[in-house]
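New to this one? Here is a quick tour, topic by topic, to read with the structure open beside you.

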Amino acid sequence: MDTVPLIDVRALVDPTSSPLARREVAARMGAACRNTGFFYVVGHGVDVGLQTRLEVLARDFFARPEEEKQRVRMALGGRAWRGFFPVGGELTSGRPDRKEGLYFGTELPPDDPRVRAGTPLHGPNLFPLEPEGLGGAVLAYMAALTSLGHSLMSGIALSLDLEADFFATRYMADPTVLFRIFNYPPGPEVDAQGLPVWGVGEHTDYGVLTILKQDDAGGLQVKTRQDGQTRWVDAPPVEDAFVCNIGDMLDRMTRGVYRSTPHRVLNRAGRDRLSLPFFFDPDWTAEVRAIDSPALKDAGADDHAERWDRQSVHRFEGTYGDYLLGKVGKVFPDLRAEVL
Ligand SMILES: O=C(O)CCC(=O)C(=O)O
Ligand SMILES: [Fe+2]
């Protein structure tokens, strides 16, 4: 219960696998979602060559001079919320993180009705990017992870005694996809006041499912709970495995049974750490509801007083888009006026 389990999800990805094999994988995922809310996946089928190409190109990007990276700064992405932010440009719980990053999302042309209507977080990515090939690798990776996201959600649906396509048809026919590439530079572990300098401070993710690719530097920590005690455990890099975790919206949909678990990053490697979180979330216009299933009869009490952001995970109404916009301004204060 205290460590992050590793699950081979091949049966969910392989169209020829048996229903029994799928259910077995789903049961393991369900157990992980109820316990740590975090699990590794292997057997995911995402091409290793593509992953390596993306990692090499991303490292090349972050190694470039600041003024070159600023050519694709977030201010140029406007309402679409895309582009580069420098170290200290993003806040978690009101404090700047020691990380820089590139933001991407679903590539939409300017004549898409949602882009024309000025819908926040919808639009084109800030392409072309240097080095050449980075933009193409990002699009190919987002397509591969979207497919994996649907496979994993079929497992989560089966684990809740729902039809395998429950999420795909009701909530994620046109999923909200946010993809980020982060670089955590090395530096002292504490600041002048002796406070830890987090790569990312303690937080939970907003959405449904996060699929993270991390390099070999380590530094991701997960807050586990057992018998009322909390403990931070490491989620170290595992060869060709993604780290998956449940976000607040799935926590809400399952009335707290599937846990959105706090996590944070401290880069102690003495060199840059590269990580690539992919957020796979409901359709922008989806009205998200609590899931009705006998599998959730043990739905628990509200724990908002203990949570990092003091928000109840169970209270919600409106569309996923409205919910997400409520969060954006807190992490990028400069962008708030532009986006909201
Ligand atoms: O970089 C990581 O390992 C985690 C990033 C993260 O937690 C996030 O972006 O929400
Ligand atoms: Fe996170």
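What follows is a short briefing on the metal site, the ligand next to it and a few backbone oddities.

Keep in mind that this is a predicted model. The two things to look for are an iron ion (ligand 2), held by His203, Asp205 and His263, and ligand 1, of which the protein covers 94% of the 290 Å² of accessible area it has on its own. After that, the tour moves on to some cis peptide bonds and positive phi values.

**The iron site**

- Start with the iron ion (ligand 2): its donors are NE2 of His203, OD of Asp205 and NE2 of His263, at 2.1 to 2.2 Å.
- Along the sequence, those donor residues follow the spacing H-x1-D-x57-H.
- If you check His203 and Asp205 for exposure, both turn out to be buried.

**The annotated domain**

- UniProt, in an unreviewed entry, marks residues 174-282 as "domain: Fe2OG dioxygenase".
- That stretch is 47% strand and just 6% helix.
- Its end C-alpha atoms sit 8 Å apart.

**Around ligand 1**

- The shell around ligand 1 is made up of Phe182, Tyr184, His203, Asp205, Leu212, Leu220, His263, Val265, Arg273, Ser275, Pro277 and Phe279.
- Sorted by class, that comes to seven nonpolar, three polar and two charged residues.
- Three strands each put in at least two shell residues: S7 (175-184), S13 (263-265) and S14 (273-283).
- S14 is the top contributor, with four residues.
- His203, Asp205 and His263 may look familiar here: they belong to this shell and also coordinate the iron ion (ligand 2).

**Polar contacts to ligand 1**

- A polar side-chain atom of Tyr184 is 2.5 Å from an oxygen atom of ligand 1.
- For Ser275, the distance from a side-chain N or O atom to a ligand 1 oxygen atom is 2.6 Å.
- His263 also has a side-chain N or O atom 3.0 Å from an oxygen atom of ligand 1.

**Cis peptide bonds in the H6-H7 loop**

- Most peptide bonds are trans, so cis ones are worth a look.
- The bond from Phe127 to Pro128 is cis, with omega near -5°, and Pro128 is in the loop between helix H6 (113-116) and helix H7 (134-159).
- Glu130 and Pro131 are joined by a cis bond too, with omega about 0°, and Pro131 is in the loop between H6 and H7 as well.

**Positive phi values**

- Most residues other than glycine have a negative phi.
- Leu121 has phi near 70°, a positive value in a residue other than glycine. Leu121 is placed in the loop between H6 and H7, and counts as buried because its relative accessibility is 7%, which is under the 20% cut-off.
- Trp81 has a positive phi too, near 65°. Look for Trp81 in the loop between helix H5 (74-77) and strand S3 (83-85); with a relative accessible area of 3%, Trp81 is buried.

**A buried leucine in H9**

- Is Leu250 buried or exposed? Leu250 counts as buried because its relative accessibility is 0%.
- Leu250 belongs to helix H9 (residues 248-253).
- From Leu250 to His122 it's 128 residues in sequence, and 22 Å in space from C-alpha to C-alpha.

Key
Residues are numbered from 1 along each chain as its sequence is written. Chains are lettered from A and ligands numbered from 1 in the order in which they are written. This is a predicted model: local features need pLDDT of at least 70, side-chain atom pairs count only at pLDDT 80 or more; totals for chains, interfaces and linings use all residues. Side-chain values use heavy atoms; hydrogens and water are left out. Donors are N, O and S atoms within 2.8 Å of the metal (3.2 Å for Na, K and Ca); water is not among the atoms, so sites may look incomplete. Buried means under 20% relative accessible area, exposed over 50%, partly exposed in between (1.4 Å probe, protein chains only). UniProt positions are given in the numbering used here, feature names are shortened, and annotations may be inferred rather than shown by experiment. A residue is near a molecule or strand if one of its heavy atoms lies within 4 Å of it. A polar contact is a pair of N or O atoms within 3.5 Å; within protein, one must be able to donate a hydrogen and the other to accept it, and residues adjacent in sequence count only if both atoms are side-chain atoms. Accessible areas come from the Shrake-Rupley method with a 1.4 Å probe; for residues, only the protein chains shown count as cover. Ala, Val, Leu, Ile, Met, Phe, Trp, Tyr, Cys and Pro count as nonpolar, Asp, Glu, Lys and Arg as charged, and the others, Gly among them, as polar.
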